[in-house]
Amino acid sequence: MSATQVLWGKLEGDAAQVAMSAHRPGLTEQERFILDQCCQKLTLAKECIDRTFKRPFSFWELVHEVDALLLLVLPVEMLATQSLAVQQRFEQKVTNPVLRELWLGTEQAPGPLREAVQLLRSQLKPTEDPGSPQGLTGERLARCRYILHGALSVMDAQRDKRFWQLSLNVSIQILSAILLLVLFGLALLAFDQTLLSDNLTKHQPDALVLFALCGMGGAVLSNMLSKERFVVSTGATVRYFFYYLFVKPLIGGFAALFLILLEQSGLLLSVVVTHGTTAPNPSQALVQIVVSSEAAAFFARAVLSVAVGFSADRMLSSMMDSVLGRLFRESERGAPPPAATPGDPPGFRRTPNSGRAAP
């Protein structure tokens, strides 16, 4: 059975409950209006199913609204059985402690949902006098209906939110896969065999473009592997697609270029090539990656570009702080000491940071 068939079965079940409630005797004008709303929402939900290629997010919202509205018009016997299912699902699905205490209460003081379910369960028990009137009527029954309606709406709102987040994550992952294939094709076009045999400085523009594409690919790969908890209450989903499919890859490409420029400057890390038994060239970088050939150095830089693009939004700020800190320390080390003032005793010097005399 396909997913579309399951959805059609759900709509047919709701339509059957609406038809059954419509033939219940003694319907009020308000209940007839609610049933008309249910019919309209079911019609819109069926139109959503017919849209195969782009099914809107509002489908499950319509279905959940129909389920909640049916609790206001169902017969008492059906309402009592539905209340047990609502309480069970609420206890399983809702994990927020504030909401649980608000609706379920505690063992000493049951909340409104448990009280309403308890009252409705009493209607399922057989009475000794079959001719006695029902005990749950009028305002008490209406109160139980609206409590169940509110509890189901709270629970379905959380389910709709998770559905929106799942849909956005899947859509971004699919579009990221397409973008990654495009970047892979551009990287193949920019690749040249001379980049493996010659030094990076001889083909610097082409190499930088290739490393930037590697960084962008790492950022796109991060989109495919991560699951973000999107805030979907505002409905501004286009901004999420713009950020994850345009802004984030640009950040990854810039981070890769920054890493390559940092490696070429030797401030923080460097890729050192050794030819045979020759000792590597000395470097003042804190981190040194020693490889055996120019081709290995090229691929090492490409791997670093992908890695820094993968976590560019988190690593770039810490990397910038490390580079600026090292630059400040080097500048202070190479700067001449400040001249002594006439009030300083012999043998004392003044530190550049504090300005106070120190031995």
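## A walk through the helices

Start by selecting Arg-159, which you'll find in helix H7. Before going further, know that this is a predicted model, where local features need pLDDT of at least 70 and side-chain atom pairs count only at pLDDT 80 or more, while totals for chains, interfaces and linings use all residues. Residues are numbered from 1 along each chain as its sequence is written, and side-chain values use heavy atoms, with hydrogens and water left out.

**Arg-159 and its surroundings**

Is Arg-159 buried or exposed, or in between? It is partly exposed, with a relative accessible area of 31%; buried means under 20%, exposed over 50%, and partly exposed in between (1.4 Å probe, protein chains only). Now show the neighbours: setting aside those within four places in sequence, Arg-159 is in contact with His-64 and Arg-89, where contact means heavy atoms within 4.5 Å. Add Val-94 too: it sits 65 residues from Arg-159 along the chain, yet their C-alpha atoms are separated by 9.5 Å.

**Zoom out**

Colour by secondary structure and you should find twelve helices and four strands. These are DSSP runs (helices are H or I, at least four residues; strands are E, at least two), numbered from the N terminus. Of the 359 residues in the protein, 35% are buried.

**Helix H3**

Follow His-64 to H3, where it is one of the buried residues, along with others including Phe-59, Leu-62 and Asp-67. Those buried residues pack against H1, H2 and H7. H3 has 13 residues and reaches 18 Å from its first C-alpha to its last, close to the 18 Å expected at 1.5 Å a residue; that expected span is 1.5 Å times one less than the number of residues.

**The cores**

Stay on Phe-59 and look at what it touches: not counting residues up to four places away in sequence, that's Leu-7, Leu-11, Ala-45, Cys-48 and Ile-49. Which residues touch the most other members of the largest nonpolar core? Phe-59, Phe-90, Leu-113 and Leu-148 do, out of 41 residues. A nonpolar core here is a set of buried Ala, Val, Leu, Ile, Met, Phe, Trp, Tyr and Cys residues joined through side-chain atoms within 4.5 Å. Helices H1 (3-22), H2 (29-50), H3 (58-70), H4 (76-93), H5 (97-103), H6 (112-121) and H7 each give two or more residues to this core. Then hop to a second, separate core of 14 residues, with Ala-207, Leu-213, Val-220 and Ala-302 among them.

**Ser-83**

Next, pick Ser-83 in helix H4. Ser-83 is buried, with a relative accessible area of 0%. Beyond the neighbours within four places in sequence, Ser-83 is in contact with Val-117, Leu-120 and Leu-148.

**Where H7 meets H10**

Select H7 (residues 138-190) and H10 (residues 237-265): they pack at an angle of about 35°, with their axes 11 Å apart. On the H7 side, the contact includes Trp-164, Leu-168 and Ile-172, and on the H10 side it includes Tyr-240, Phe-241 and Leu-245. By class, this contact has ten nonpolar, three polar and no charged residues.

**Last stop: Lys-227**

Finish in the loop between helix H9 (204-225) and H10, where Lys-227 is found. Lys-227 is exposed, with a relative accessible area of 70%. What does Lys-227 touch, not counting residues up to four places away in sequence? Asn-169 and Gln-173. Add Leu-166 as well: Lys-227 and Leu-166 are 61 residues apart in sequence and 8.3 Å apart in space, C-alpha to C-alpha.

Key: Axes fitted to C-alpha atoms, helices over the stretch in contact; angles between N-to-C directions. Nonpolar A, V, L, I, M, F, W, Y, C, P; charged D, E, K, R; others polar.
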